[in-house]
Amino acid sequence: MHSDDLALGPSPVRLSINEALDRAFDIAVHAPLPPNPNPPVGCVILDRNGVLVGAGAHKGAGTAHAEIAALQAAGSAARGGTAVVTLEPCNHIGRTGSCAQALIAAGIERVCFAVADPAMHADSRAGREELLAAGVQVSGDLDRERGRALLGTWLHAIEHSRPFVTWKVASSADGFIAPRDRSRVQLTGENAMSAVHRMRSQVGAIVTGSGTVAADDPRLTARDATGRPTIHQPFRVVIGMSDVPGQAQIRGNDDRFIHLRTRNIPEALADLAQRGIHHVMLEAGPGLANAFLAAGCIDEIVWFTAPAVLGDGIEAASDFPSPTVGIAHGWRSAGVDVLGDDVRHTLLPADV
């Protein structure tokens, strides 16, 4: 039996389907997968006696899918066995080929998956149907809740044809994101800043407006505790009609800068989805924040509050049209935690 760096543990290990699914989720969560464009997926192969013989995870665009990696680890022991996967096996031929066909060719007799792939069903190329047609037993949607939690932003992008949007705000205790004169003030402490950089390293893109670029000249990079850039760097996206100066820091010296010359938020997000980006973080002034809110294109708010009182300043979403009851009460608290002297409050739509 072969295995990759995802250790199978002592041999032999006999697992139930639920135990195998737990192992597949653990593999998916810990795989070194960049945030876009592909989803985190883990797969476990059990032989005909229920013994663990292969495990694998998808590690990025162009690399083997989880099922292929697990089959390679299992070798001939996969024949007559069961594949347990976090996401329904794909049935399309791209850079890596059809996972459903690979499972059939390997002699797998049963496939169990946690959550269905909406992209495959939308295109009438579902892996489930291909497997069933080949005589493979299929048990699907075994843990939709956990599957959607793992794949949430990717599934959102597939189902809504736009990325999941997290609006990040850092404000004083009285609700201002900066002094009225826009002078540079770091409101939150180091713990909160570290949390923001972790968030940046986990999204596909950071979005800001051309006004923020002109006023603050941000870098919008993800950095570690030492201040060095993290391995994964999100795309840095500017939305707005104004030119971005050639010397602006946000341009960087790589290929991660995008300027979308539009005021149409759904159009901009559709463009990012076409680029394979399924999760963006909005870090912008009130003008662009207002536009995202008005378009109904904010899916999560992460609000950092510092123990500071400015008395006056720029509000996070000032001049928002018609502060209706629906807008005011359309959110629910999804978590509050203390980071040093700052407070982080996560909000989700009330109907989610």
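**Exercise 1.** Is Asp337 buried, exposed or partly exposed, judged by its relative accessibility?

*Solution.* The model is predicted, so local features require pLDDT of at least 70 and side-chain atom pairs pLDDT 80 or more, while totals for chains, interfaces and linings use all residues. Residues are numbered from 1 along each chain as its sequence is written, and side-chain values use heavy atoms, without hydrogens and water. Step 1: buried means under 20% relative accessible area, exposed over 50%, and partly exposed in between (1.4 Å probe, protein chains only). Step 2: Asp337 has 26% relative accessibility and therefore counts as partly exposed. Step 3: the side chain of Asp337 meets that of Arg344 in a salt bridge, at 2.5 Å from N to O.

**Exercise 2.** Determine which parts of the chain the salt bridge between Asp299 and Arg162 ties together.

*Solution.* Step 1: a salt bridge requires a side-chain nitrogen of Lys or Arg within 4 Å of a carboxyl oxygen of Asp or Glu. Step 2: in the pair Asp299 and Arg162, the closest N and O atoms are 2.9 Å apart. Step 3: Asp299 lies in the loop between α10 (286–294) and β12 (300–305), and Arg162 in the loop between α6 (144–160) and β6 (164–171), so the pair joins parts 137 residues apart in sequence. Helices (H or I, at least four residues) and strands (E, at least two) are DSSP runs, numbered from the N terminus. Step 4: Asp299 is buried at 11% relative accessible area, and Arg162 is buried at 12%.

**Exercise 3.** State how many salt bridges the whole structure holds, and name one network.

*Solution.* Step 1: the search finds 13 salt bridges. Step 2: Asp22, Asp143 and Arg146 are linked in a network of them.
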